[in-house]
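Here is a short report on a structure with its chains and helices. Take a look at it before reading on.

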Amino acid sequence: MKYFGGCDVGSTYTKAVILDENGKIVADTTLRSKINSEQSAIMAMEEVVGKVADLKSSKDLTYLVGTGYGRNKVPFADENISEISCHAMGVHVTNPDVKAIIDIGGQDVKGIAIDKDGTVKNFAMNDKCAAGTGRFYEAMARAFEMDLPEFSKLSLTAKNVIPITAQCTVFAESEVITLVGEGKPTDEIAAGIQMAIAKRCFVMAKKAGAVDSITLTGGCAKNDGLKAAIEHVLKLNVVELKTDPQLMGALGAAEYARQKGMAN
Amino acid sequence: MKDLKHIHFYEDLLEQANNELVQQAKSEGGVAVGYTCFYVPEVLLNVGNAFSVRLRAPNTGSLDISQYYMSSFICGYSRALVERAFEGGYNFLDMWAGTDTCQQMNRVVENVVEFRLIDNPTFTHGFLDAPMKITEHGNKHYEHMIQVEFLDKLKDNFGVDISDKAIRKAVKEHNEMCKIFEAISELRKAENPVITPREFHILCLVSYACPTSLILPYLKETYADLKKRKPDEKCPWRARFVVVGSELDDYTFSEIMESCNAYVVADRYCFGSIPGRKQIPLTTDRPALEQVCEFYLAENQCPRFMSKDKIEERHAIARKLYEDYGADGIIYEQAKFCDFWGYERMLENAKFLDDGDDIPVLQIDREYVIAGAGQLRTRIQAFVESVEIKKIQKAGGAK
């Protein structure tokens, strides 16, 4: 049996996936990224390789594709492919009916339209600042003295939305602290934060060509409050993926590795 | 491929505006005239003992001073010019040929003059009011402005020879340089070209940033070297693009393109070779000044021209470059807060979509200093990947 790897070295998390010849996921992992991208990739690959009995090291993979922010730092990679292409392919192999993605990574937000073969039809990217990214969520959770999973559910009980006007992460954190200090309901403030980010996502999705439904990928895809904001307020249907949405970049990379490795 | 002849010398020249060749020209009695825009015919600044320097602000750091005076919602190029002027980076200039072509350039000249930023007792400036339409009246006005704001000031302040004969001599030298660029540009049409996008970008930049008479001998030798040069056996380029857009004087952009194996086949942006390195035809029956001015207005493809014919002409040129150079797509790049190109790139993207023949278009909004190269690289790499796969599919090579 041949095996194929994808390693997505993100700014916050590093993900790795190994596929068999049939495209079945045989191993995966998600680790907090180190400051050194190469070290993050080595750790992630060692972990997934350790889960497959037939493999001793990354060198035993028939083909390995690196992706993400540190894509050119993946040792033994045969190729690196942008995370935009890999997220598109990852979602395509998970659910071919999905045609648009909002990928919220640690440092940027991307809207991606997928073609019928899993390639990128169009994309839009917000990379000017940390507003609306994973870093933004981390700052907001910190302001509420919560962890991310807890914060992501906070807005679900809100009856009203308190708008957050600042777009900048630093100013938004300051605005949130002021609102909390004024005694405003925390769930309503959280709903305002989710709304602000949902609007950013909406713009990216529309720029990329999303029509009525999208799926979320990246770590922020697990944020229930954001999903609710996008669905209920922005009128975009959010399609749930049966595979962990945070793994889509690594899965897409592994699928590209499978296609290229099988063709060779 | 082995290093191109003089390429490291060129890189050094681009490290500062007051470079080695500028200093040499000054020491030989040259009058240095800084300018920023294609609306200023550079060839007319190269008459007599005057020489042009298209202003860049290499190694720009923080823009705090210029931001204070100009706001943060103004393009980085104009802020960097003012910042560098505050730092004393343009004290070698004898004259600044300014333009009223956009609000940003207005503000640059305003700050340079108001704060007396050029520490040179003989420094003077001219300010061009350029027409927004090409009409007979517009042409006459443009020529008049160039005469009184630039040429007369060069003559009156520095004794520069601005005669018809001097203009024709400058055009001849300019055309000699353009001829080299036209020939090198043709080399880019090859399947596996002997010149890289980075190298071409550097050649173009030095041709703008150095005195023509002093850079020309080097460019001739570089071209001779290129004619003998052999490309690497394996063609590294995955896709070929026409780059269209605003002011771009940082060759980091071309380095990023190269790192994604993307080849720039045609460069239609400010500081690029199209149309800046096109030969100027002159006849003997009319004054050279009149013909040069007509040429520069006619060839100018700045989106400041908002008449329907010019908008359509710009679209047609981008399409023609795409076809002539066998490109796989077009990249519209825009300096952040460049009003005209911000509008143009959106409009052009929509027009190419409307054309319905699937010419891939990528829009890039970038800072003057290309920091955050990783994210720009991701955009370009993703575009290359999507174009490449579609190219393969078109050729029937993939399912």
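What follows goes from one chain as a whole to its contact with the other chain, and then to helices of that second chain.

This is a predicted model, in which local features need pLDDT of at least 70, side-chain atom pairs count only at pLDDT 80 or more, and totals for chains, interfaces and linings use all residues. Residues are numbered from 1 along each chain as its sequence is written, while chains are lettered from A and ligands numbered from 1 in the order in which they are written.

**Chain A**

Chain A has 8 helices and 10 strands. Here helices (H or I, at least four residues) and strands (E, at least two) are DSSP runs, numbered from the N terminus. The radius of gyration of chain A, taken over C-alpha atoms, is 19 Å. The globule rule (2.2 Å times the number of residues to the power 0.38) gives 18 Å for 264 residues, so chain A is as compact as a globular protein of that length. Its C-alpha trace spans about 60 × 35 × 30 Å along the principal axes.

Of the 264 residues in chain A, 52% are buried. A residue is buried if 20 or more other C-beta atoms lie within 10 Å of its own, exposed if 12 or fewer, and partly exposed in between, with C-beta atoms placed from the backbone. A:Ile197 sits in helix 6 (residues 186–208) of chain A. It counts as buried because it has 26 C-beta neighbours inside 10 Å. The C-alpha atoms of A:Ile197 and A:Val109 are 9.8 Å apart, with their positions 88 residues apart along the chain.

Two residues are in contact if their C-beta atoms, placed from the backbone, lie within 7 Å. Among the contacts in chain A with a separation of 6 or more, 68% join residues 24 or more positions apart.

**Where the chains meet**

The contact takes 12 residues from chain A and 10 residues from chain B. On the side of chain A, helix 2 (83–94) and strand 8 (120–126) are the elements that give two or more residues. That side divides into 6 nonpolar, 3 polar and 3 charged residues. Ala, Val, Leu, Ile, Met, Phe, Trp, Tyr, Cys and Pro count as nonpolar, Asp, Glu, Lys and Arg as charged, and the others, Gly among them, as polar.

**Two helix pairs**

Axes are lines fitted to C-alpha atoms, for helices over the stretch in contact, and angles run from 0 to 180 degrees between N-to-C directions.

| Helix pair | Angle | Axes apart |
|---|---|---|
| Helix 2 of chain A and helix 14 (residues 373–394) of chain B | about 55 degrees | 8 Å |
| Helix 7 (residues 164–187) of chain B and helix 9 (residues 212–228) of chain B | about 25 degrees | 10 Å |

Helix 7 and helix 9 of chain B are therefore roughly parallel. Helix 2 of chain A and helix 14 of chain B are oblique to each other. Angles under 35 degrees count as roughly parallel, over 145 as roughly antiparallel, 65 to 115 as roughly perpendicular and the rest as oblique. A:Glu83, A:Ile84 and A:Ser85 of helix 2 meet B:Thr378, B:Ala382 and B:Glu385 of helix 14.

**An enclosed helix in chain B**

Helix 4 (residues 76–86) of chain B has 10 of its 11 residues buried, so it is largely enclosed by the rest of the structure. Those buried residues pack against helix 3 (64–70), helix 5 (103–114) and strand 7 (329–335) of chain B. Just after helix 4, B:Gly88 takes a positive phi of about 90 degrees.
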